[in-house]
Amino acid sequence: EIASHVGIAATRSFDWLGGVLSLASHVVLFAAGFAVFAVVRAAADITSKPAQWEALADEGRLLAPLGAGGMGEVWEAEQDQPRRRAALKVLRAGPSGTRARLRFRDEIDALARLAHPGIARILEAGGGEDGGRLWYAMELVPGARPLTEHARGRPWRERVELLRAVCEAVEHGHRNGVIHRDLKPSNIVVGADGRPRVIDFGVARVSGPDDAASGRTLAGDVV
């Protein structure tokens, strides 16, 4: 009889242990599945083309990603009316604070002041209603490559000419109250026509008696 009770107790113990192990295995599988989902979701956020972006482009079609920064993502897009291709910059998805939205609008205002062959010109802007994402379309530079990549191996006279063209574009900005503040090779592209264009005025400072944008970016800010 004692052996019988011991056997029953042992069986119950093994059953309990089996239940615990089964529960643990389910927890591990759930955690692993959640981790995989998070990775896939993160990759989708980077590489997918969300349907709502179609409305941002005013019936334009998103064709390929061109780049991304701290504040926005840039896509090559095709617009139906008028028929043209453009670079579409959209404020990054996720909770965008008031300062981020104001800074994005400042970038739009800065580009609107500029009209120079050495600066990718803005075409139109929109979004932002009812908390929607802000966007603007700008000139698409065919065959664009970073300045350093284009200049590599070229004669020094040609390199100097590229820098002269960039300086003229920067001077145009200064004359119109726009200081780029993030001038670097990756923000200067050279098209298939060999002409450099200054891009990405995301942290530009716009000066003028009516501007309150000078305090948008403070010391220590990461943008």
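Reader: Is Ala151 buried or exposed?
Author: This is a predicted model. Ala151 lies in helix H4, residues 147-151. Its relative accessible area is 13%. Buried means under 20%, so Ala151 counts as buried.

Reader: Which residues does Ala151 touch, not counting those up to four places away in sequence?
Author: Start with a residue further along the chain. Gly194 is 43 residues from Ala151 along the chain, and their C-alpha atoms are separated by 9.9 Å. The contacts of Ala151 beyond four places in sequence are Arg159 and Leu162.

Reader: Which element gives the largest share of the largest nonpolar core?
Author: This core holds 26 residues. Elements giving two or more residues are E3, helix H3 (98-112), E5, H4, helix H5 (156-175) and strand E8 (188-190). The largest share is four residues, and the element that supplies them is H3.

Reader: Which residues are in contact with Phe201, leaving aside neighbours within four places in sequence?
Author: Phe201 is among the core members that touch the most other members. Others in that group include Leu111, Ile119 and Val178. Those three also appear among the contacts of Phe201. The full set is Glu107, Leu111, Leu114, Ile119, Val178 and His180.

Reader: How many residues are in the second, separate core?
Author: In soluble globular proteins, nonpolar side chains tend to be buried together. Here the largest nonpolar core has 26 residues. The second core is separate and includes Leu88, Val90, Trp135 and Ala137. Its residue count is eight.

Reader: How much space lies in the largest pocket?
Author: The pocket is lined by 30 residues. Closest to its centre are Gly67, Val74, Asn187, Ile199 and Asp200. Strands E1 (61-68), E2 (72-79), E3 (84-91) and E5 (135-139) each supply at least two lining residues. The space is about 700 Å³.

Reader: How many residues of the lining of the largest pocket are nonpolar?
Author: The lining divides into three classes. Six residues are charged and eight are polar. The nonpolar count is 16.

Reader: Over which residues is the pLDDT below 50?
Author: The chain averages a pLDDT of 74, and 64% of the residues score at least 70. One stretch below 50 has zero contacts beyond near neighbours in sequence, and this is residues 5-11. Another has 15 such contacts, and this is residues 26-54.

Reader: What should not be read in detail where pLDDT is low?
Author: Residues 26-54 have a pLDDT below 50. The caution for low pLDDT applies to the predicted coordinates.

Definitions and conventions
Residues numbered from 1 in each chain as written. Predicted model: local features only at pLDDT ≥ 70, side-chain atom pairs only at ≥ 80, totals over all residues. Heavy atoms only, no water. pLDDT = per-residue confidence, 0-100. Contact = heavy atoms within 4.5 Å. 1 Å grid on protein atoms, 1.4 Å probe; cavity = no way out; pocket = protein on both sides within 12 Å on 5 of 7 lines; lining within 4 Å. Points joined across faces, edges and corners; volume = space filled by probe spheres on them. Nonpolar A, V, L, I, M, F, W, Y, C, P; charged D, E, K, R; others polar. Buried < 20%, exposed > 50% of the residue type's maximum accessible area, 1.4 Å probe, protein only. Core = buried A, V, L, I, M, F, W, Y, C linked by side-chain atoms within 4.5 Å.
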